Amino acid sequence: MMGNKILEVKDLEVKFPVRSKLLASKEEKFKIVIEKVSFSIMEGETFGVVGETGSGKSTIAKTLVGINYPSAGEIYLMGRKINFNKKSDLIFLRRNVGIIFQDPVGSLNPKLRIFDIILEGLNFEEKYTKEEKRDKVYAVAKKVGLNESKLFSYPSELSGGEKQRVSLARAIISPKKILILDEPTSSLDVSIQAQILNLLQNLKEELNLTYIFITHDFNVIKYMCDRLGVLYYGRMLEISEVKDAYENPLHPYTKDLMNANITIEGNSGFESETELGEPARNGCIYLNSCRFKMDICNRDPPMIELNSRLVKCWLYDKSQKEDYIKVKGSN
Amino acid sequence: MINLPRDISHEKNLSEIILEVENLRVSIETIDKRVEVLRGVNLKLKRGEVTAIVGESGSGKTTLAQAIIGVLDTPPVFIESGEIFFDGIKIFPSNEKINFRGQGINMVFQEPLVSLNPVYTIRKQLEESIEVQGLHMKKKEIEEELSKILSDLMIRDVDRVLNSYPHQLSGGMRQRVAIAMAMIQRPKLLILDEPTTGLDLIVQRKIIQLLLKLKKEFGTTLLIITHDLAVAANMADRMYVMYAGKIVESGTKDQVIKDPLHPYSKMLRDSVPSGYKDSGPLRVTEGNPPDISHLPSGCAFHPRCPLAMEICRKEEPTKKVIEDREVLCWLYDGKQNT
Ligand SMILES: Nc1ncnc2c1ncn2[C@@H]1O[C@H](COP(=O)(O)OP(=O)(O)OP(=O)(O)O)[C@@H](O)[C@H]1O
Ligand SMILES: Nc1ncnc2c1ncn2[C@@H]1O[C@H](COP(=O)(O)OP(=O)(O)OP(=O)(O)O)[C@@H](O)[C@H]1O
Ligand code: SF4
Ligand SMILES: [Mg+2]
Ligand SMILES: [Mg+2]
């Protein structure tokens, strides 16, 4: 069941320093990777974040566990505003928000045995005795379907699916409210992906978790999530219920994505007209690729609320109503 | 470079079959052991069709493609036995070292950077691909040919792309350039190893459309290697499903996807989510992909197979032909064509 707002992100901005090759330039330059992104997560839901390579999905994920620091904006976890410069706030964040990193190989220390890798997840919990810790590792290994015999192997001896189970075990060995899953299955074969998706659904029920599910696979998002946010070059362009997004996508970019998605039903009969252009420097970020662009699109559109959905596009501005009707008809 | 003569008809008649692989066995030999990677593979590609080989990581898809075009990593990988015919000519085993790359068979590798040389501009590499054909085109004709192929591939800023080095291009653009380079030699058969893997959705869709368009325009036969069932479903006429170095099922795309015979093909299809959240768990069994150096006895799929019987643990299944399809599974024993 979906409950209260458990996490709120307001106008998040994340930037990274850009190294200049010119020694002369003293001032530090930054590249803004996440720009004014806002969204809320409801307790118990699975919120999907989709977007193409480099759109900033992992950056958001890492910010939500305090690995990246925001350069502007606010993050509230269970009503508490997180001050990223305060150690106690960061601990509060990391205690409650777990993460499975995108790269299952790189995120497991190759020199540690699986047992010790899973134990890393208890870093913030010093109160346990050695025996209690051991019991916890065995219990969580069982929960994620990891064979006990693997606990004393090294990561290189495990299959991709087993490595993902280890990441999962490490993330949930201490109880979490929110689990961020950054492409948890994209390096896996489909039959193993299916096992992990089933496991994730079961764990969520069992442990009352809230998921933030990051992927670029639209069939997976559709199957796993309640709502989704569409990210494009660091901007959130649409937030909708999954069903709405699939059956009636609002943003031109979401429409293009849905058109491009292929399924095993073999649906690619029609031509996709989109030719992705560069992101626009001024105005709507999707301007150079958009099939529906208008004059007003040279100004950055606001996030517009429409029947409890959010869309960052001028087509849905009330003053553009005629165009909106036209677009709806043509989908 | 020697290209195959264009219309030959010795040994096997110039038929609708452009490529035939018969009982191909490939092994990897190290000091202490020999592991079979391809365990008797048969393949028949029809001229002008798109054939897809699907299967999970490590099943031997890339090895099969490398064996066909003769670029196996030898040693340690080598062909133990089997025959390969291309366009009516036996290309393996063969006494002459035939170079049939170019107008014969061409391949776009799994990682497009492998197909491209990092130190030359795209223009230089494409020009070279044309020159290799020995067609002695004039500078202007070459230029026209390049523009044509690139615009066919929906590359708009042709000049920028031509003057770039591979690392300056996006993944999708690199993949298009690699395809352009392969197509420019007008091969009869183009093998593409994971042509869309790792590309963004819209780009992936573009590449699929493009390949189908090229196939139509030039009548090129395509062999697509992929682990993505949706890609196969949207491109292929025929499909082969590989598991642990064997073809376990083949048939038309619709047969294999909509009405799979082999339990592994069924599992593959059921693994791909298609519904919304409330559509119930995915129907897969537990278990891991096989380790080719320690294959299970009998049918290699039996430890994961929900329908495994006693015999499956003991004996390897033999090929069963059912109507116009083939399947390697004991369930169909006694049900095959007579
Ligand atoms: N630590 C960093 N320093 C500098 N730039 C970074 C850093 N981390 C990410 N970036 C840049 O930020 C952008 C967003 O990267 P991010 O990894 O968040 O994308 P993503 O949506 O997760 O992509 P993918 O689908 O490929 O995982 C990219 O342009 C990336 O190069
Ligand atoms: N040069 C090599 N040396 C050692 N082992 C090899 C070599 N080439 C391939 N193999 C092994 O042969 C098996 C088949 O590999 P292959 O690359 O053909 O699989 P694939 O089906 O293409 O997998 P993927 O989907 O991951 O690309 C694998 O177990 C691989 O580790
Ligand atoms: S704001 Fe304009 S350019 Fe941007 S997506 Fe909407 S219609 Fe297209
Ligand atoms: Mg990422
Ligand atoms: Mg491969």
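## Close-up views of a predicted model

**Figure 1. The magnesium site joins a helix and a loop of chain A.** In this predicted model, Gln102(A) counts as partly exposed, at 39% relative accessibility. Gln102(A) offers OE1 to the magnesium ion (ligand 4), and Ser58(A) offers OG. These protein donors lie 2.0 to 2.1 Å from the ion. Ser58(A) belongs to helix α1 (residues 57-64), whereas Gln102(A) sits in the loop between β6 (97-100) and α3 (114-119), so the pair ties together parts 44 residues apart in sequence. Ser58(A) counts as buried, with a relative accessibility of 18%.

**Figure 2. Tyr232(A) and Tyr286(A) form an edge-to-face pair.** The whole structure holds 13 aromatic pairs over all chains. In this one, the ring centres are 5.1 Å apart and the planes stand at 90°, so the pair is edge-to-face. Tyr232(A) comes from strand β9 (residues 227-232) of chain A. Tyr286(A) comes from the loop between α9 (252-260) and β11 (304-306) of chain A. The pair therefore ties together parts that are 54 residues apart in sequence. Tyr232(A) is buried, at 5% relative accessible area. Tyr286(A) is buried too, at 0%. Both rings belong to one aromatic cluster with Tyr233(A) and Tyr253(A).

**Figure 3. An aromatic pair joins chains A and B.** The ring centres of Tyr246(A) and Tyr276(B) lie 6.2 Å apart, with the planes at 90°, so this pair is edge-to-face. Tyr246(A) is part of helix α8 (residues 242-247) of chain A. Tyr276(B) is in the loop between α10 (263-271) and α11 (310-314) of chain B. Both Tyr246(A) and Tyr276(B) are buried. Tyr276(B) also has Lys222(A) over its face, 4.9 Å from the ring centre.

**Figure 4. A lysine charge sits over a tyrosine ring in chain B.** The ring belongs to Tyr120(B). The charged end of Lys124(B) is placed over it, 5.4 Å from the ring centre.

**Figure 5. Glu49(B) is buried without a salt bridge.** Glu49(B) lies in the loop between β2 (34-46) and β3 (50-55) of chain B. The nearest side chain of opposite charge is Lys46(B), 4.4 Å away. A salt bridge would need a side-chain nitrogen within 4 Å of a carboxyl oxygen. Leaving aside residues up to four places away in sequence, Glu49(B) touches Thr221(B), Leu222(B), Asp237(B) and Arg238(B).

Note on methods: Residues numbered from 1 in each chain as written. Chains lettered and ligands numbered in written order. Predicted model: local features only at pLDDT ≥ 70, side-chain atom pairs only at ≥ 80, totals over all residues. Heavy atoms only, no water. Phe/Tyr/Trp six-rings, centres within 6.5 Å; stacked < 30°, edge-to-face > 60°. Helix = DSSP H or I, 4+ residues; strand = E, 2+ residues; numbered from the N terminus. Buried < 20%, exposed > 50% of the residue type's maximum accessible area, 1.4 Å probe, protein only. Lys NZ or Arg CZ within 6 Å of the ring centre and 35° of its normal. Donors = N, O, S within 2.8 Å, 3.2 Å for Na, K, Ca; no water. Lys, Arg positive; Asp, Glu negative; His and termini not counted. Contact = heavy atoms within 4.5 Å.
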